[in-house]
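Open the model in your viewer and set it to cartoon. The stops below go strand by strand.

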Amino acid sequence: MTVSTDYYAVLGVRSDANPDDIKKAYRRLARELHPDVNSAPDAEERFKNVSRAYEVLSDPEKRRIHDLGGDPFGAGGMGGAGGFTAGFGLGDLFDAFLGGTSSRGPRPRTRPGADALIRIDLEMAETAFGATRDIVVDTALTCHSCGGAGTASGTHPATCGTCNGRGEVSQVSRSFLGQVMTSRACPECGGTGTVIPHPCPECAGDGRVRARRTLAVKVPPGVEHGMRIRLSGEGEVGPGGGPPGDLYVEVNELPHAVLQRNGEDLHCQVTLPMTAAALGTTIKVPALDGEEELEIRPGAQSGQALTLKGKGVPLLRGSGRGDLIVHLAVATPSRLDGEQERLLRDLARLRGEESPTGQFGSDQEQGGLFSRLRDAWGGKT
């Protein structure tokens, strides 16, 4: 090689090519020209030229000298035919054969299977306290007739006649840069290098069949809506009887008639007559594990939140349970008969509330309805 050699032309790239384009061009040519895979008389010399070109163009300083018309290997340079520098090492050579856009050699017929997903509906009590549910899944299983081989009894795969077992076919095309060789998976064997002349009649050569089966799913206490439970190895069996993927069971928590869930806490709203709120009362709250009595003290206000400790959902990770938070709403009667109206007016007169002017001020100053609702729903303090 001489100083005047155009290394860009050797790699088939433009003079303004970026490092990624240079590396891709080198990988493609190195795979094509390596003496181990190319028996042409000039393959070895062309491979050395390609390696030398990549050594120059992958090193910014040597590339600069080359672009100025100088000798990038002059002035004590350590490169040479078959030499490696900081910009070109054994890793690049291995990348050319193990990485890149295509891999030389057939791919295995047996490949891992895909994961599967199924959704189940659960009541809130089931997500809270756990449950065991039977589910029916329809997935690919290993064919029992051929054991995943895909061949009929007494037969074996044969070498593909199109690619001669290589798993890929090459095509040479012309461009303004010269001849370009591209490789792609063999259309006859799908890249495996072998074909099945006599496929299994049960699975038609795929090595797997679809079947319906029943699995028991254990739902742990405390799971939430949208969470997924992983069943390892219960997914789709891979082509050629490959190892199965995983099965994910996604939880769909059904709405409760009274309770609403926020993490491990439960919330509900109860509406009280104004007389019960003023005088106090005891009510029964429908918790997940039975009714709970809740004492409402006299003078309860609309928007007030009362907490039943430890009556929420068990923690998914850890011990203990959340709380059940009851939000009060005081109902004002919209219709009064004569006697009821007289009694209320007497009460208003006794309390000095015959002509109320109202109480003004910010909600924060009064600790009013909106702040209490915000505190209650935003979390416990």
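Begin with β8 and residues 247–253, which form strand β9. These two strands pair in the antiparallel sense, over four bridges. Keep in mind throughout that this is a predicted model.

Show side chains here. Select R228, then E250 in β9: the two stand opposite each other.

Now widen the selection to the sheet. Which order do its strands take? The order is β1-β9-β8, in an open sheet of three strands with mixed pairing. Color residues 116–122 for β1 and 228–231 for β8. These are the edge strands, and each pairs on one side only. Turn the view to follow the twist, which averages 25 degrees from one strand to the next.

Strands of a sheet pair through backbone hydrogen bonds, either parallel or antiparallel. Switch on the backbone atoms to look at the pairing.

Next, jump to residues 305–308, strand β14. Which of its side chains are buried? L306 and L308 are, and they point to one face. A305 and T307 point to the other face and are not buried. In a regular strand the side chains alternate between the two faces of the sheet.

Add residues 324–331, strand β15. β14 and β15 pair in the antiparallel sense, again over four bridges. Select L308 once more: opposite stands L324 in β15.

Finally, zoom out to the whole chain. Count 10 helices and 15 strands. Of its 381 residues, 34% count as buried. Show the surface: the chain exposes about 22600 Å², and carbon and sulfur atoms supply 50% of that area. Among contacts with a separation of 6 or more, 65% come from residues 24 or more positions apart.

Note on methods
Residues are numbered from 1 along each chain as its sequence is written. This is a predicted model: local features need pLDDT of at least 70, side-chain atom pairs count only at pLDDT 80 or more; totals for chains, interfaces and linings use all residues. Side-chain values use heavy atoms; hydrogens and water are left out. Two strands pair if DSSP finds at least two bridges between them. Axes are lines fitted to C-alpha atoms, for helices over the stretch in contact, and angles run from 0 to 180 degrees between N-to-C directions. Buried means under 20% relative accessible area, exposed over 50%, partly exposed in between (1.4 Å probe, protein chains only). Contact means heavy atoms within 4.5 Å. Accessible areas come from the Shrake-Rupley method with a 1.4 Å probe; for residues, only the protein chains shown count as cover.
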